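Q: Please take a close look at one part of this model, the largest pocket. What lines the largest pocket, and which elements give residues to the lining?

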Amino acid sequence: MKYVNIISAQQKHISQICEIYNYYVKHSIATFSKDEYKENSFREILLENQRNNIPFLVAVNKEDEVIGYSYLQPYNSERAGYKFTFSNAIYLNPDHLGKGIGNKLLVDLISAAKSTNIHSIISLIAIAPDEDNNASSILHNKHCFKNVGRSSEVGRKFEQWIDVITMQLKIEN
């Protein structure tokens, strides 16, 4: 892996974050979103995370270009009993897949979560019904996330049904 630095996301990174995410909206089942996000959506997530000391990280190259990002967000935020549980998101520029950047982002995200009151991280991973694993589930498994269930054909995108694997990591803090 060439030079990659993992840092806290800043407002200047929002347009590149949005561009990466929107690639997956248009070309992947990794997100069930069908409409492209506007920069304001990510700006709100970043501000909320900054206010609450919740990690939102970017992987940048030597030119300070965002080549990936990861963040945590409240899991089922409408119910107070879930306040110590967060879900994670990791997205990479498609030109930088398979280079260890997702691994580095997840390591740093977990490390940052340990300095908070987060007890559990949930990862919801979209997967084709005929697959047992994909790159995301393998990555999470490598970092001690446990597969705690699979929901069959709960999403639909690109004229196909999509399963969701739920993986969980309990944080020792």
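A: The pocket comes first, then a helix that takes part in its lining.

This is a predicted model: local features need pLDDT of at least 70, side-chain atom pairs count only at pLDDT 80 or more, and totals for chains, interfaces and linings use all residues. Residues are numbered from 1 along each chain as its sequence is written, and side-chain values use heavy atoms, without hydrogens and water.

The largest pocket holds about 1,100 Å³ of space. (A pocket is an open set of points on a 1 Å grid over the protein atoms alone, where a 1.4 Å probe fits, with protein on both sides within 12 Å along at least five of seven lines; lining residues have an atom within 4 Å of a point. Its volume is the space filled by probe spheres set on the points, which are joined across faces, edges and corners.)

The lining has 39 residues. Closest to the centre are A30, I90, Y91, L124 and S136. Elements giving two or more residues are α1, β3 (66–74), β4 (85–92), α3 (101–113), β5 (120–127) and α4 (135–142). (Helices are DSSP runs of H or I, at least four residues; strands are runs of E, at least two; both are numbered from the N terminus.) Strand β4 gives the largest share, six residues. By type, the lining has 22 nonpolar, 15 polar and two charged residues. (Ala, Val, Leu, Ile, Met, Phe, Trp, Tyr, Cys and Pro count as nonpolar, Asp, Glu, Lys and Arg as charged, the others, Gly among them, as polar.)

Now helix α1. Helix α1 (residues 14–27) packs on α2 (residues 39–51) at about 115 degrees, with axes 9 Å apart. (Axes are lines fitted to C-alpha atoms over the stretch in contact; angles run from 0 to 180 degrees between N-to-C directions.) I14, S15, I17, C18 and Y21 of α1 meet E39, F42, R43 and L46 of α2. (Contact means heavy atoms within 4.5 Å.) These residues divide into six nonpolar, one polar and two charged.

A salt bridge joins E36 and K26 (3.7 Å, N to O). (The cut-off is a Lys or Arg side-chain nitrogen within 4 Å of an Asp or Glu carboxyl oxygen.) E36 lies in the loop between α1 and α2 and K26 in α1, so the pair ties together parts ten residues apart in sequence.
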